[in-house]
Amino acid sequence: MHEVGIVESALEVIRREAHAHAATHVTRVVMRIGAISGVDVDALRFGFEACTPGSIAEGAEFEIESIPARAHCQDCATDFTVESGFIFQCPRCGAFSGDVRSGKELELSRLEFSTDSAPSSEHVR
């Protein structure tokens, strides 16, 4: 389960960003996870729940934005969504494509903090 390692790495970034913004607590964490990123979303949620107690993100809302896999066909210039598997075949012309346009994302995309003065948010990429 490498998802715990992913959460630990995310918590390092969260701590650094919280410190940079003088935050006293993180209230919301949003990650973007691509359909073909190899990340088990349920295991990632479990890892977040397991790793955050005692951290600046304890009790924070954890949201995952799922990004569908999309590819581009070089033969007919069609962008298409890959419904399942790892073979990307154009539904229009049947050509195979390795031009993946999305679905590999594994990003900490948004943090919301509370500070002693006021709540704030930060987009992280």
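**View 1. Long-range contacts knit together much of this protein chain.** Welcome to the overview: of the contacts in the protein chain with a separation of 6 or more, 65% join residues that are 24 or more positions apart. Everything shown here comes from a predicted model. The protein chain has two helices and seven strands, arranged along the sequence as α-β-α-β-β-β-β-β-β. Of its 125 residues, 40% are buried.

**View 2. The overall dimensions of the C-alpha trace set the scale for the close-ups.** Along the principal axes, the C-alpha trace of the protein chain spans about 60 × 30 × 15 Å. The radius of gyration of the protein chain is 18 Å, where a compact globule of 125 residues would have one near 14 Å. A good pair of residues for getting a feel for these distances is His 19 and Phe 80: they are 61 residues apart in sequence, and their C-alpha atoms are 41 Å apart in space. His 19 sits in helix α1, while Phe 80 belongs to strand β4. The two also differ in their surroundings, since His 19 is exposed at a relative accessible area of 69% and Phe 80 is buried at 5%.

**View 3. The surface and its charges.** About 7,100 Å² of the protein chain is accessible surface, and carbon and sulfur atoms hold 48% of this area. The protein chain carries 11 positive and 20 negative charges, and the mean positions of these two groups lie 7 Å apart.

**View 4. Ala 57 is a buried loop residue.** Look for Ala 57 in the loop that links α2 (41-51) to β2 (61-67). Its relative accessible area is 0%, so Ala 57 counts as buried. Who are its contacts beyond four places in sequence? Ala 57 is in contact with Leu 11, His 25, Val 26, Phe 48 and Thr 52. Arg 15 is also worth finding in this view: Ala 57 and Arg 15 are separated by 42 residues in sequence, yet 8.3 Å lies between their C-alpha atoms.

**View 5. Glu 65 in strand β2 touches a run of residues from Val 30 to Ile 33.** Glu 65 is part of strand β2. Leaving out residues up to four places away in sequence, Glu 65 touches Val 30, Met 31, Arg 32 and Ile 33. The C-alpha atoms of Glu 65 and Ile 33 are 6.1 Å apart, with a sequence separation of 32 residues. Is Glu 65 buried, exposed or partly exposed? With a relative accessible area of 31%, Glu 65 is partly exposed.

**View 6. Phe 80 in strand β4 and its many contacts.** Phe 80 lies in strand β4, and a relative accessible area of 5% makes Phe 80 a buried residue. Not counting residues up to four places away in sequence, Phe 80 touches Ala 69, Arg 70, Ala 71, His 72 and Cys 73 on one stretch of the sequence, and Phe 88, Gln 89, Cys 90, Pro 91 and Ser 97 further along. One of these, Pro 91, is eleven residues away from Phe 80 in sequence and 7.4 Å away from C-alpha to C-alpha.

**View 7. Cys 73 and Cys 93 do not form a disulfide.** The structure holds zero disulfides, and this view invites a closer look at one cysteine pair. Why is there no bond between Cys 73 and Cys 93? The sulfur of Cys 73 has its closest cysteine sulfur in Cys 93, but the 3.5 Å between them is too far for a bond. Seen from the other side, the closest cysteine sulfur to that of Cys 93 is the one in Cys 73. The two residues have unlike environments: Cys 73 is buried at 1% relative accessibility, whereas Cys 93 is partly exposed at 40%.

**View 8. Two loop alanines have positive phi values.** Neither residue here is a glycine, yet phi is positive in both: about 55° for Ala 22 and near 60° for Ala 77. Ala 22 is in the loop between α1 (3-20) and β1 (25-34). Ala 77 is in the loop between β3 (70-72) and β4 (79-81). Are these alanines buried or exposed? Ala 22 is exposed, at 56% relative accessible area, and Ala 77 is exposed too, at 55%.

Notes: Residues are numbered from 1 along each chain as its sequence is written. This is a predicted model: local features need pLDDT of at least 70, side-chain atom pairs count only at pLDDT 80 or more; totals for chains, interfaces and linings use all residues. Side-chain values use heavy atoms; hydrogens and water are left out. Helices (H or I, at least four residues) and strands (E, at least two) are DSSP runs, numbered from the N terminus. The radius of gyration is taken over C-alpha atoms; the globule rule is 2.2 Å times the number of residues to the power 0.38. Buried means under 20% relative accessible area, exposed over 50%, partly exposed in between (1.4 Å probe, protein chains only). Contact means heavy atoms within 4.5 Å. Accessible areas come from the Shrake-Rupley method with a 1.4 Å probe; for residues, only the protein chains shown count as cover. Lys and Arg count as positive and Asp and Glu as negative; His and the chain ends are not counted. The place of a charge is taken as NZ of Lys, CZ of Arg, CG of Asp or CD of Glu. A disulfide is a pair of cysteine sulfur atoms within 2.5 Å.
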